[in-house]
Amino acid sequence: MKLLKVVANNFKLCDKDFTISFVPTGNKTTEDKEFELKEIAEDLYVFSTLGIIGKNASGKTTAVELLSIVYDIFSNFRINSSKNIFKFINNTVSLDITFFHEDAIYRYKTELVKNANSVDNTSVFFENEKLYKRVYKKFHAKNLFEFDKFEEVNFDVKLPEDTSMIYSVLKDIKLRGIYCSSDDYSYRNYANAFNIYKLLDNNLNVITSLLKMFDEHLDNIKMINDNKFRVLYSNGTFKDVSNFELYEILSSGTTKGFGLFTFVVYSLRTGADLIIDEIENHFHKTLVENLVNLYKDKSVNKNNATLIFTTHYCEILDLFGRSDNIYISKYENSIKLENMRNDYKLRSDLLKSNKFYNNYFNTNVSYDALMNFKKELM
């Protein structure tokens, strides 16, 4: 399964027909096909990386939270909590999702409704679900989102109201997308990371190389049980510690790096898409650049995983050979996403970061606000 496009209405403060597309709109060069794009079917390409950039409070996190909900539907066929969905607008949220699965293009439409009878406000009902399908042929690549030739798919199975009909297509519960928030709290449960490695292939050797990236004094960490770990140091010594003690021993960067790169390993091994909110908060510049390049490298990214991230660090966008996989988030009366290629017609030979520094996209911090802050410090 691979997402192609998501269109949402009434999601938080987002604009009408809030759209995120994973399909290129510009020309596809030979170099693009080698590094920037992944071919999931004949002549059907998706981005290997997708970036969302914008100033503070512009809606970047909201955009990736929308994607996290979509991946919840495609992974678990339900949404575990409605609190985040209906945080600002207590209206029905409509989704229009296009995806590729087993040689066919599907269009899935649904409305998300809060379960008013839920005591703890944690369940969402799926209403007015519709599913359409067209077997993919090479010539469809040019009119991928023209849905008039799609045929509606119906299932005889009656599912619970909180379960999406996507279950009848994908059938198995599987982590198809991973959302990593800017908060590092979720990375403190080290047992979760070890269990993911065991789930993959029980080959824990990758942990050694991973840890060396963040702390050269560590040789390895082994899980004895869910709350007991053995830390092996490069000088040959070791120490047995609890989960809490391990968090105290490791630096914050090592904890975040170990936790997040565990998801990177899972993503690259399985093809699950990885979403990282504020990627520069997790890693320094060089590591961010290398992470982006991992997803571009076909020898590593063999299963067509896509890295999706938000950032304030605009220099990272100079690693992108394309501009149609870069979205600029803005908030005026609502959150809008502008596509760098489609909305700005940016020349590919220009440094994208220079355009940001010159405020070409109107994303700089307000000069007046900065001067007022400076006056308060005088």
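Biologist: Let's start with Asn-90, in the loop between helix H2 (60-76) and strand E6 (93-101). Why is Asn-90 called exposed?

Modeller: This is a predicted model, and the label comes from comparing a value with a cut-off. Asn-90 has a relative accessible area of 54%, and exposed means over 50%, so Asn-90 counts as exposed.

Biologist: And how far is Asn-90 from Lys-12, in sequence and in space?

Modeller: They are 78 residues apart in sequence and 8.5 Å apart in space, C-alpha to C-alpha. For the chain as a whole, take the contacts between residues at least 6 apart in sequence: 65% of them join residues at least 24 apart.

Biologist: What is the chain built from, and what share of it is buried?

Modeller: There are eleven helices and 17 strands. Of the 378 residues, 49% are buried.

Biologist: On to the helices, then. Why is H5 called oblique to H7?

Modeller: Helix H5 (residues 205-214) packs against helix H7 (residues 252-270) at an angle of about 140°. Roughly antiparallel would need over 145 degrees, and roughly perpendicular stops at 115. The angle falls between those limits, so H5 is oblique to H7. The two axes are 9 Å apart, and the crossing is right-handed.

Biologist: Which residues make that contact?

Modeller: H5 brings Val-206, Ile-207, Leu-210, Leu-211, Met-213 and Phe-214. From H7 come Gly-253, Thr-254, Gly-257, Phe-258, Phe-261, Thr-262 and Val-265.

Biologist: How many of them are nonpolar, polar or charged?

Modeller: Nine are nonpolar, four are polar and none is charged. Watch the glycines when you tally: Gly counts as polar here.

Biologist: Which residues of helix H4 (residues 190-200) are buried, and what covers them?

Modeller: The buried ones are Tyr-190, Ala-191, Ala-193, Phe-194, Ile-196 and Tyr-197. Their cover includes H5 and H7, along with strand E11 (218-225), strand E12 (228-233) and helix H6 (243-249).

Biologist: Now the sheet. What makes E10 and E17 edge strands?

Modeller: Six strands form an open sheet in the order E10-E14-E15-E5-E16-E17, with mixed pairing. Strand E10 (177-180) and strand E17 (335-339) each pair on one side only, and that is what makes them the edges. From one strand to the next, the twist averages 20°.

Biologist: How do you know that E16 pairs with both E5 and E17?

Modeller: Pairing needs at least two bridges. E5 and E16 run parallel and are joined by three bridges, so they pass. Strand E16 (residues 326-331) and E17 have five bridges in the antiparallel sense, so they pass too.

Biologist: Which residues stand opposite each other there?

Modeller: On the E17 side, Tyr-327 stands opposite Asn-339, and Ile-328 stands opposite Glu-338. On the E5 side, Gly-51 stands opposite Ile-326. A hairpin of three residues joins E16 to E17.

Biologist: Why is E16 described as largely enclosed?

Modeller: Five of its six residues are buried, each being under 20% relative accessible area. That is why E16 is said to be largely enclosed by the rest of the structure.

Biologist: Last one: which strands does helix H8 (residues 285-296) lie across, and how does H8 run relative to E15?

Modeller: H8 lies across strand E5 (49-53), strand E14 (273-276) and strand E15 (307-311). The angle to E15 is about 155°; over 145 counts as roughly antiparallel, so H8 runs roughly antiparallel to E15.

Conventions. Residues numbered from 1 in each chain as written. Predicted model: local features only at pLDDT ≥ 70, side-chain atom pairs only at ≥ 80, totals over all residues. Heavy atoms only, no water. Axes fitted to C-alpha atoms, helices over the stretch in contact; angles between N-to-C directions. Helix = DSSP H or I, 4+ residues; strand = E, 2+ residues; numbered from the N terminus. Parallel < 35°, antiparallel > 145°, perpendicular 65-115°, else oblique. Left-handed = near helix turned anticlockwise from the far one by under 90°. Contact = heavy atoms within 4.5 Å. Buried < 20%, exposed > 50% of the residue type's maximum accessible area, 1.4 Å probe, protein only.
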